[in-house]
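Reader: I would like a close look at one position in this model, and then an account of the parts around it. Please keep to what the coordinates support.

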Amino acid sequence: MASVSECVAARLRAWGVDRVFGFPGRDVDALVAALTGNRRTPEFVHVRHEESAALMACAHAKLTGRLGCCLASSGPGALRLLSGLYDAALDRRPVVAVAARLAFPEVP
């Protein structure tokens, strides 16, 4: 049975995403492993900051005409994607932002 991360990676492949720009973290490590586990697309590009990931995804969409994709962890990581996403929205370029959701332990 496929995990959620493998399903998300498969959906990104189906949408034609070539690269995912992102900053790995505890919340997105499973998705990063699903993206880097095989050598098919999409390629994972490790960046130093979430804002860079969003701006790179926006630039990728502008320069190639294809779908851009950025990845960040939950909370402040997802918030830092906003400037790049706003830039893509102003230029009407397609960018998908994948933000993790912090999993809380179940309460009995």
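Where in the chain is the place of R92?

Author: The model is a predicted one. R92 sits in the loop between α5 and β4. Its phi is positive, at about 55°, although R92 is not a glycine. That is worth noting because most residues other than glycine have a negative phi. R92 is also exposed: its relative accessible area is 75%, and the cut-off for exposed is over 50%.

A second positive phi belongs to G65, which comes just after α3 and takes a value of about 80°. The helix before G65, α3, covers residues 50-64. With 15 residues at 1.5 Å a residue, α3 should span 21 Å, and its end C-alpha atoms are 21 Å apart, so the expected and computed spans agree. The buried residues of α3 are E50, A53, A54, A57, C58, H60 and A61. These residues lie on the same side of α3, because they cover an arc of only 155° around the axis. The general background is that an α-helix has 3.6 residues a turn, so residues three or four places apart point the same way. The packing partners of the buried residues of α3 include α5 and β4, the two elements on either side of the R92 loop. The others are β1, β3 and α4.

H60 gives a residue-level view of α3. H60 counts as buried because its relative accessibility is 8%, and buried means under 20%. Leaving out residues up to four places away in sequence, H60 touches D18, R19, F21, G65, L67 and G68. G65, with the positive phi noted above, is therefore among the contacts of H60.

L67 is also touched by V17, a residue in the loop between α1 and β1. V17 is buried, with a relative accessible area of 1%. Its other contacts, on the same sequence rule, are L12, T41, P42 and C69. V17 and E43 are 26 residues apart in sequence, while their C-alpha atoms are 8.6 Å apart in space.

Helix α2 has its own buried set: L31, V32, A34 and L35. Seen down the axis of α2, these residues fall within an arc of 160°, so they line one face of the helix. They pack against α1, β1, β2, β3 and β4. One strand in that list, β2, holds F44. At 14% relative accessibility, F44 counts as buried. With neighbours within four places in sequence left aside, F44 is in contact with V20, G22, F23, P24, V32, L35, T36 and L71. V32 and L35 appear among the buried residues of α2 as well. The contact with L71 joins residues 27 places apart along the chain, with their C-alpha atoms separated by 9.5 Å.

On the other side of the R92 loop comes β4, which covers residues 95-99. A99 is in this strand. With a relative accessible area of 44%, A99 is partly exposed. A99 touches A72 and A78, not counting residues up to four places away in sequence. A99 and V45 are 54 residues apart in sequence, and 16 Å lies between their C-alpha atoms.

A99 also leads to the largest pocket, whose lining it shares with V4, S5, V8, D27, V28, A30, L31, V98, A100 and R101. The elements that give two or more residues to this lining are α1, α2 and β4. The largest contribution comes from α1, with 3 residues. L31, already named as a buried residue of α2, is in the lining too. The pocket has a volume of about 180 Å³. By type, the lining residues divide into 8 nonpolar, 1 polar and 2 charged.

One further loop residue can be set beside R92. S74 is found in the loop between β3 and α4. S74 is buried, with a relative accessible area of 19%, where the cut-off is under 20%. S74 and G16 are 58 residues apart in sequence and 25 Å apart in space, C-alpha to C-alpha. Of the loop residues discussed, then, R92 is exposed, whereas V17 and S74 are buried.

Terms used:
Residues are numbered from 1 along each chain as its sequence is written. This is a predicted model: local features need pLDDT of at least 70, side-chain atom pairs count only at pLDDT 80 or more; totals for chains, interfaces and linings use all residues. Side-chain values use heavy atoms; hydrogens and water are left out. On a 1 Å grid over the protein atoms alone, a cavity is a set of points where a 1.4 Å probe fits but cannot get out, and a pocket is an open set with protein on both sides within 12 Å along at least five of seven lines; lining residues have an atom within 4 Å of a point. Grid points are joined across faces, edges and corners, and a volume is the space filled by probe spheres set on the points. Helices (H or I, at least four residues) and strands (E, at least two) are DSSP runs, numbered from the N terminus. Ala, Val, Leu, Ile, Met, Phe, Trp, Tyr, Cys and Pro count as nonpolar, Asp, Glu, Lys and Arg as charged, and the others, Gly among them, as polar. The expected span of a helix is 1.5 Å times one less than its number of residues. Buried means under 20% relative accessible area, exposed over 50%, partly exposed in between (1.4 Å probe, protein chains only). The arc is that of the directions from the helix axis to the C-beta atoms. Contact means heavy atoms within 4.5 Å.
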